[in-house]
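User: Please take a close look at a single part of this model and then set it in the context of the whole chain. I would like a connected account rather than a list.

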Amino acid sequence: MRIINSCSVRVLKGFTLVEMLVYLAIFFVVTTASTTFLLSLNNLISQYKVETMLYKSGTNALEQVVLSIRQADQVNITNSTFNSPATGRLMVESTASSTSFALNSGSLTMSVNGINLGNVISEGVTVTGFTVYRYPLTVGELVRVKLRLSATTGSITKDITLYGGSIIR
């Protein structure tokens, strides 16, 4: 009869060097991916803020310009500058008042009856072009406006171009 020696069971405690290197590699990959994601998310939020600021400011300004055109009886040709984005100026008149919009040093100023009401563009937004187009019609005239805006937040710079217009009858 033979006696079989029982095998002793050895319990290992801890990790091997290869396992630790694999775990560290996975940790660094996950950390790098999450950091890159957070940085790109921050960049996306900055772009959204700039675009929102531009569209709000541009929409408000164009609403005021178009409303003034709709309420007017005529365009004052001598005090308006047409087809010039760098020196754009529009003056419209009705029986009760006259309203003018002018590009001045990156801002769009509004005046009613000679009283300067200030910049109609939000702070942080620059007007890079204000072009007024006038098209005489058989009855009345069409006035069209092209407004170019620019804004910068951090390293993000955005430019937009907005259009508006109306017919004076």
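Analyst: S84 is buried in this predicted model, because its relative accessible area is 17% and the cut-off for buried is under 20%. The residue lies in the loop between β1 (74–75) and β2 (89–93), and, when residues up to four places away in sequence are left aside, S84 touches F130 and T131.

The neighbour that precedes S84 along the chain gives another reading. N83 lies in the loop between β1 and β2 as well, but at 54% relative accessibility N83 counts as exposed, the cut-off for that class being over 50%. The backbone of N83 also deserves attention, since its phi is positive, about 60 degrees, although N83 is not a glycine.

A further member of this loop is T87, which is found between β1 and β2 and, at 45% relative accessibility, counts as partly exposed. Beyond the residues up to four places away in sequence, T87 touches T81 and L103. T87 can also be related to T131, one of the residues that S84 touches: T87 and T131 are 44 residues apart in sequence, while their C-alpha atoms are 7.8 Å apart in space.

The loop can also be approached from the side of strand β6, which covers residues 125–136. V132 lies in this strand, and at 0% relative accessibility it counts as buried. Leaving out residues up to four places away in sequence, V132 touches T81, F82, N83, R89, L90, V143 and R144; N83, one of these, is the exposed loop residue with the positive phi described above. V132 is further related to G164, from which it is separated by 32 residues in sequence and by 9.9 Å in space, C-alpha to C-alpha.

Next to V132 in the sequence comes Y133, which is buried with a relative accessible area of 18%, whereas Y135, at 35% relative accessibility, counts as partly exposed. The structure holds two aromatic pairs. Y133 and Y135 form a stacked pair, because their ring centres are 6.5 Å apart and their planes lie at 10 degrees, where planes under 30 degrees apart count as stacked.

A positive phi in a residue other than glycine is also found at N113, where the value is near 50 degrees. N113 lies in the loop between β4 (107–112) and β5 (115–119), and with a relative accessible area of 45% it is partly exposed, while N83 is exposed at 54%.

Turning to the whole chain, the protein has one helix and eight strands, and read along the sequence these follow the pattern α-β-β-β-β-β-β-β-β. The radius of gyration is 33 Å, well over the 15 Å that the globule rule gives for 169 residues, so the protein is more spread out than a compact globule. The box filled by the C-alpha atoms, taken along the principal axes, is roughly 125 × 30 × 25 Å.

Two residues of the helix can be set beside these dimensions. L17 has its place in helix α1, which covers residues 17–71, and with a relative accessible area of 64% L17 is exposed. The C-alpha atoms of L17 and K49, 32 residues apart along the chain, are separated by 48 Å, while the C-alpha atoms of V132 and G164, also 32 residues apart in sequence, are 9.9 Å apart. Y48 has its place in helix α1 too and, at 57% relative accessibility, counts as exposed. Y48 and I156 are 108 residues apart in sequence, yet their C-alpha atoms are 9.9 Å apart in space.

Some totals complete the setting of the loop. Buried residues, S84 being one of them, make up 32% of the 169 residues in the protein. Among the contacts with a separation of 6 or more, 47% are accounted for by residues 24 or more positions apart. The accessible surface comes to about 11,400 Å², with 59% of that belonging to carbon and sulfur atoms, and the protein carries 13 positive and 8 negative side chains, the centres of the two sets lying 14 Å apart.

Technical notes
Residues numbered from 1 in each chain as written. Predicted model: local features only at pLDDT ≥ 70, side-chain atom pairs only at ≥ 80, totals over all residues. Heavy atoms only, no water. Helix = DSSP H or I, 4+ residues; strand = E, 2+ residues; numbered from the N terminus. Rg over C-alpha atoms; globule rule 2.2 N^0.38 Å. Buried < 20%, exposed > 50% of the residue type's maximum accessible area, 1.4 Å probe, protein only. Contact = heavy atoms within 4.5 Å. Areas by Shrake-Rupley, 256 points an atom, 1.4 Å probe, with all protein chains shown as cover. Lys, Arg positive; Asp, Glu negative; His and termini not counted. Charge placed at Lys NZ, Arg CZ, Asp CG, Glu CD. Phe/Tyr/Trp six-rings, centres within 6.5 Å; stacked < 30°, edge-to-face > 60°.
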